[in-house]
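This report describes a single protein chain from its overall form down to selected side chains. Please keep the sequence and the structure in view while reading.

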Amino acid sequence: MAENQPSFEDYAAQVNLDYTGDVIGWRVGHFDIGPNMFPGIGFVRRTNIGETSGSLRVTPRPQVLGLRLIDIRNSFNYITTQRSRQVLDKRWEINISPEWNTGDEVRLEANWNSQTLLEDFELEDDIIVPPGLYEDWTLSGEVSSSRARTFFGELGGGGGGFWDGNRWFIDGSVAFNSPHVGLELGYNHNDIDVPAGSFKTDLIRSRIKLALNTKLFGNALIQYNSQSGAFSANVRINFIYRPG
(Lines give C-alpha, C1' and ligand atoms only; values in the text may rest on other atoms or scores of the structure.)
Protein backbone atom coordinates (compact mmCIF):
# COMPACT_ATOMS: atom_id res chain seq x y z
CA MET A 1 0.00 0.00 0.00
CA ALA A 2 1.37 3.43 -0.92
CA GLU A 3 2.52 5.57 1.99
CA ASN A 4 -0.14 8.25 1.48
CA GLN A 5 -2.95 5.95 0.41
CA PRO A 6 -5.84 5.93 2.93
CA SER A 7 -6.63 2.67 4.72
CA PHE A 8 -9.98 1.30 5.83
CA GLU A 9 -9.13 2.49 9.36
CA ASP A 10 -9.47 6.11 8.18
CA TYR A 11 -13.09 5.78 7.08
CA ALA A 12 -16.61 5.57 8.42
CA ALA A 13 -19.47 3.75 6.67
CA GLN A 14 -23.15 3.26 7.42
CA VAL A 15 -26.11 1.35 6.01
CA ASN A 16 -29.77 1.45 7.14
CA LEU A 17 -33.06 -0.19 6.19
CA ASP A 18 -36.24 1.50 7.39
CA TYR A 19 -39.96 0.86 7.06
CA THR A 20 -42.52 3.26 8.51
CA GLY A 21 -46.21 2.40 8.53
CA ASP A 22 -49.12 3.63 10.58
CA VAL A 23 -49.43 0.47 12.70
CA ILE A 24 -46.03 -1.20 12.26
CA GLY A 25 -42.56 0.20 11.70
CA TRP A 26 -39.07 -1.24 11.88
CA ARG A 27 -35.44 -0.27 11.33
CA VAL A 28 -32.11 -2.12 11.16
CA GLY A 29 -28.73 -0.54 10.61
CA HIS A 30 -24.99 -0.87 11.00
CA PHE A 31 -22.07 1.54 10.93
CA ASP A 32 -18.31 1.24 11.30
CA ILE A 33 -15.94 3.99 12.44
CA GLY A 34 -12.22 3.32 11.99
CA PRO A 35 -9.69 3.98 14.77
CA ASN A 36 -8.01 6.72 12.70
CA MET A 37 -11.22 8.38 11.51
CA PHE A 38 -10.95 12.19 11.40
CA PRO A 39 -14.17 13.98 10.38
CA GLY A 40 -12.62 17.26 9.17
CA ILE A 41 -15.93 19.05 9.75
CA GLY A 42 -17.97 18.22 12.84
CA PHE A 43 -16.94 15.62 15.42
CA VAL A 44 -16.97 11.90 16.20
CA ARG A 45 -17.90 10.86 19.73
CA ARG A 46 -16.28 7.43 19.52
CA THR A 47 -13.85 5.77 17.11
CA ASN A 48 -12.83 2.14 16.45
CA ILE A 49 -16.33 0.73 16.79
CA GLY A 50 -18.89 -1.23 14.82
CA GLU A 51 -22.48 -0.73 15.94
CA THR A 52 -25.49 -2.81 14.89
CA SER A 53 -28.90 -1.55 15.95
CA GLY A 54 -32.54 -2.18 15.26
CA SER A 55 -36.05 -1.40 16.45
CA LEU A 56 -39.61 -2.63 16.03
CA ARG A 57 -42.66 -0.42 16.62
CA VAL A 58 -46.29 -1.48 16.95
CA THR A 59 -48.91 1.29 17.27
CA PRO A 60 -52.47 0.03 17.81
CA ARG A 61 -55.32 2.56 17.99
CA PRO A 62 -57.91 1.12 20.38
CA GLN A 63 -61.16 3.08 20.47
CA VAL A 64 -61.49 2.93 24.28
CA LEU A 65 -60.96 5.28 27.23
CA GLY A 66 -60.37 8.24 24.92
CA LEU A 67 -57.09 6.78 23.66
CA ARG A 68 -55.58 8.07 20.42
CA LEU A 69 -52.92 5.35 20.25
CA ILE A 70 -50.56 3.11 22.21
CA ASP A 71 -46.96 3.26 21.00
CA ILE A 72 -44.95 0.09 21.76
CA ARG A 73 -41.25 0.10 20.82
CA ASN A 74 -38.59 -2.57 21.20
CA SER A 75 -34.99 -1.67 20.31
CA PHE A 76 -31.43 -2.94 20.68
CA ASN A 77 -27.82 -1.81 20.17
CA TYR A 78 -24.76 -4.04 19.84
CA ILE A 79 -21.32 -2.37 19.81
CA THR A 80 -17.94 -4.01 19.16
CA THR A 81 -14.44 -2.84 18.29
CA GLN A 82 -14.13 -2.33 14.54
CA ARG A 83 -11.36 -4.80 13.63
CA SER A 84 -11.20 -7.43 16.38
CA ARG A 85 -14.99 -7.36 17.00
CA GLN A 86 -14.50 -7.48 20.76
CA VAL A 87 -17.91 -6.89 22.38
CA LEU A 88 -18.04 -3.54 24.20
CA ASP A 89 -21.68 -2.59 24.81
CA LYS A 90 -25.09 -4.21 24.50
CA ARG A 91 -28.44 -2.53 25.13
CA TRP A 92 -32.06 -3.67 24.98
CA GLU A 93 -35.04 -1.41 25.64
CA ILE A 94 -38.82 -1.65 25.58
CA ASN A 95 -41.04 1.43 25.75
CA ILE A 96 -44.84 1.57 26.11
CA SER A 97 -46.51 4.97 25.67
CA PRO A 98 -50.30 5.41 25.70
CA GLU A 99 -51.45 8.77 24.31
CA TRP A 100 -54.93 10.23 24.73
CA ASN A 101 -56.94 12.39 22.34
CA THR A 102 -56.28 15.31 24.69
CA GLY A 103 -52.53 15.02 23.97
CA ASP A 104 -51.71 13.76 27.47
CA GLU A 105 -49.23 10.89 27.56
CA VAL A 106 -47.75 8.24 29.87
CA ARG A 107 -44.41 6.55 29.18
CA LEU A 108 -43.18 3.31 30.80
CA GLU A 109 -39.70 2.06 29.98
CA ALA A 110 -37.42 -0.84 30.89
CA ASN A 111 -33.88 -1.21 29.60
CA TRP A 112 -30.92 -3.52 30.10
CA ASN A 113 -27.34 -2.38 29.58
CA SER A 114 -24.12 -4.35 29.35
CA GLN A 115 -20.95 -2.25 29.12
CA THR A 116 -17.29 -3.28 29.05
CA LEU A 117 -14.91 -0.66 30.38
CA LEU A 118 -11.37 -0.99 29.02
CA GLU A 119 -10.07 1.85 31.22
CA ASP A 120 -11.14 3.29 34.55
CA PHE A 121 -12.75 6.73 34.74
CA GLU A 122 -13.63 9.28 37.40
CA LEU A 123 -17.38 9.41 37.95
CA GLU A 124 -17.08 12.12 40.63
CA ASP A 125 -14.24 13.56 42.70
CA ASP A 126 -12.31 10.60 44.16
CA ILE A 127 -14.95 8.13 42.93
CA ILE A 128 -13.32 5.86 40.36
CA VAL A 129 -15.11 3.22 38.30
CA PRO A 130 -12.58 0.45 37.50
CA PRO A 131 -12.37 -1.51 34.21
CA GLY A 132 -14.66 -4.50 33.91
CA LEU A 133 -18.03 -5.77 32.74
CA TYR A 134 -21.12 -3.98 34.06
CA GLU A 135 -24.70 -5.19 33.53
CA ASP A 136 -27.66 -3.22 34.83
CA TRP A 137 -31.45 -2.96 34.63
CA THR A 138 -33.27 0.39 34.79
CA LEU A 139 -37.01 1.04 35.12
CA SER A 140 -38.55 4.48 34.59
CA GLY A 141 -41.84 6.23 33.96
CA GLU A 142 -43.14 9.65 33.00
CA VAL A 143 -46.48 11.47 32.88
CA SER A 144 -46.82 14.53 30.65
CA SER A 145 -49.72 16.81 29.81
CA SER A 146 -50.39 18.20 26.34
CA ARG A 147 -48.13 21.07 25.24
CA ALA A 148 -51.13 22.53 23.43
CA ARG A 149 -52.41 23.74 26.80
CA THR A 150 -51.53 27.15 28.22
CA PHE A 151 -50.20 25.45 31.37
CA PHE A 152 -48.56 22.04 31.05
CA GLY A 153 -46.01 19.90 32.83
CA GLU A 154 -44.08 16.66 33.07
CA LEU A 155 -43.13 14.41 35.98
CA GLY A 156 -40.94 11.34 35.75
CA GLY A 157 -38.57 9.18 37.72
CA GLY A 158 -37.05 5.77 38.08
CA GLY A 159 -33.97 3.86 39.09
CA GLY A 160 -31.91 0.74 38.80
CA GLY A 161 -28.37 -0.56 38.57
CA PHE A 162 -25.49 1.84 37.90
CA TRP A 163 -21.82 0.78 37.61
CA ASP A 164 -22.25 -2.06 40.17
CA GLY A 165 -24.26 0.30 42.38
CA ASN A 166 -27.62 2.04 42.20
CA ARG A 167 -29.05 5.26 40.80
CA TRP A 168 -32.43 6.82 41.57
CA PHE A 169 -33.67 9.91 39.82
CA ILE A 170 -36.62 12.27 39.52
CA ASP A 171 -37.26 14.89 36.86
CA GLY A 172 -40.09 17.37 36.48
CA SER A 173 -41.08 20.64 34.89
CA VAL A 174 -43.97 23.10 34.77
CA ALA A 175 -44.52 25.60 31.97
CA PHE A 176 -46.68 28.45 30.74
CA ASN A 177 -47.03 29.21 27.05
CA SER A 178 -48.74 32.06 25.18
CA PRO A 179 -48.22 33.71 21.78
CA HIS A 180 -45.82 36.31 23.26
CA VAL A 181 -44.46 34.78 26.49
CA GLY A 182 -43.21 31.31 27.39
CA LEU A 183 -41.87 30.30 30.81
CA GLU A 184 -40.60 26.90 31.97
CA LEU A 185 -39.05 25.77 35.25
CA GLY A 186 -37.52 22.32 35.62
CA TYR A 187 -35.72 20.26 38.25
CA ASN A 188 -33.64 17.06 38.05
CA HIS A 189 -32.28 15.10 41.02
CA ASN A 190 -29.98 12.06 41.03
CA ASP A 191 -29.06 9.92 44.04
CA ILE A 192 -26.08 7.71 43.15
CA ASP A 193 -24.45 5.00 45.27
CA VAL A 194 -21.57 2.95 43.80
CA PRO A 195 -18.92 0.76 45.52
CA ALA A 196 -16.36 3.61 45.54
CA GLY A 197 -18.73 6.13 47.16
CA SER A 198 -22.02 7.99 46.89
CA PHE A 199 -23.16 11.46 45.90
CA LYS A 200 -26.21 13.48 44.84
CA THR A 201 -26.73 15.93 42.00
CA ASP A 202 -29.32 18.62 41.40
CA LEU A 203 -29.96 20.55 38.20
CA ILE A 204 -32.35 23.51 38.14
CA ARG A 205 -33.22 24.96 34.75
CA SER A 206 -35.36 27.83 33.52
CA ARG A 207 -36.37 28.71 29.97
CA ILE A 208 -37.77 32.11 29.00
CA LYS A 209 -39.22 32.92 25.57
CA LEU A 210 -40.35 36.42 24.59
CA ALA A 211 -41.80 37.49 21.22
CA LEU A 212 -42.62 41.16 20.66
CA ASN A 213 -43.81 40.35 17.13
CA THR A 214 -42.91 38.05 14.22
CA LYS A 215 -39.70 40.01 13.56
CA LEU A 216 -38.26 40.44 17.07
CA PHE A 217 -38.07 37.57 19.52
CA GLY A 218 -35.63 35.90 21.89
CA ASN A 219 -35.12 33.11 24.37
CA ALA A 220 -32.88 32.30 27.32
CA LEU A 221 -31.79 29.13 29.11
CA ILE A 222 -30.53 29.58 32.68
CA GLN A 223 -29.20 26.60 34.69
CA TYR A 224 -27.71 25.83 38.08
CA ASN A 225 -25.67 22.63 38.52
CA SER A 226 -24.97 21.53 42.11
CA GLN A 227 -22.14 19.26 40.94
CA SER A 228 -20.06 22.18 39.70
CA GLY A 229 -21.75 24.81 41.88
CA ALA A 230 -22.10 27.04 38.84
CA PHE A 231 -24.78 29.02 37.07
CA SER A 232 -24.82 29.12 33.27
CA ALA A 233 -26.89 31.13 30.82
CA ASN A 234 -27.48 31.06 27.08
CA VAL A 235 -29.34 34.03 25.59
CA ARG A 236 -30.35 34.47 21.95
CA ILE A 237 -32.12 37.41 20.31
CA ASN A 238 -33.46 37.27 16.73
CA PHE A 239 -34.30 40.36 14.71
CA ILE A 240 -35.58 39.79 11.16
CA TYR A 241 -35.54 43.24 9.62
CA ARG A 242 -36.41 41.92 6.19
CA PRO A 243 -37.85 38.43 5.46
CA GLY A 244 -35.31 36.27 3.67
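The text below turns from the whole chain to its charges, then to a few individual residues.

## The chain as a whole

The model is predicted, and every value given here is computed from it. The secondary structure of the protein chain consists of 15 strands and zero helices. Its radius of gyration is 22 Å, whereas the globule rule gives 18 Å for 244 residues, and because the value for the chain is well over that figure, the protein chain is more spread out than a compact globule. The C-alpha trace, taken along its principal axes, spans about 60 × 50 × 45 Å.

Of the 244 residues in the protein chain, 28% are buried. The accessible surface of the chain amounts to about 15,900 Å², and carbon and sulfur atoms account for 58% of that area. When contacts between residues at least 6 apart in sequence are considered, 39% of them join residues that are at least 24 apart.

## Charges and salt bridges

The protein chain carries 30 negative and 22 positive side chains, and the centres of these two sets lie 11 Å apart. Across the whole structure, a search finds 10 salt bridges. Three of these pairs, including one that links distant parts of the chain, are set out in the table.

| Salt bridge | Closest N to O distance |
|---|---|
| Glu109 and Arg107 | 3.2 Å |
| Arg147 and Glu154 | 3.5 Å |
| Asp171 and Arg205 | 3.4 Å |

How far apart in sequence are the two residues of the pair Asp171 and Arg205? They are separated by 34 residues, with Asp171 placed in strand β11 (residues 165–177) and Arg205 in strand β13 (residues 197–211). Arg205 has a relative accessible area of 17% and is therefore buried, the cut-off being under 20%. Its partner Asp171, at 22% relative accessibility, counts as partly exposed.

In the pair formed by Glu109 and Arg107, the side chains meet in a salt bridge, and Glu109 counts as buried at 17% relative accessibility, while Arg107 counts as partly exposed at 22%. In the pair formed by Arg147 and Glu154, Arg147 is partly exposed with a relative accessibility of 48%, and Glu154 is likewise assigned to the partly exposed class, at 25%.

## The surroundings of Ser140

Is Ser140, a residue of strand β9 (residues 132–144), buried or exposed? With a relative accessibility of 14%, Ser140 counts as buried. Leaving aside residues up to four places away in sequence, Ser140 touches Arg107, Leu108, Glu109, Gly157, Gly158 and Phe169. Both partners of one salt bridge described above, Glu109 and Arg107, are thus among the residues that Ser140 touches.

## A loop position

Asn36 is found in the loop between β2 (24–33) and β3 (49–58). At 45% relative accessibility, Asn36 counts as partly exposed. What is the C-alpha to C-alpha distance between Asn36 and Ser55? The two residues lie 29 Å apart in space by that criterion, and in sequence they are 19 residues apart.

Key. Residues numbered from 1 in each chain as written. Predicted model: local features only at pLDDT ≥ 70, side-chain atom pairs only at ≥ 80, totals over all residues. Heavy atoms only, no water. Helix = DSSP H or I, 4+ residues; strand = E, 2+ residues; numbered from the N terminus. Rg over C-alpha atoms; globule rule 2.2 N^0.38 Å. Buried < 20%, exposed > 50% of the residue type's maximum accessible area, 1.4 Å probe, protein only. Contact = heavy atoms within 4.5 Å. Areas by Shrake-Rupley, 256 points an atom, 1.4 Å probe, with all protein chains shown as cover. Lys, Arg positive; Asp, Glu negative; His and termini not counted. Charge placed at Lys NZ, Arg CZ, Asp CG, Glu CD. Salt bridge = Lys/Arg side-chain N within 4 Å of Asp/Glu carboxyl O.
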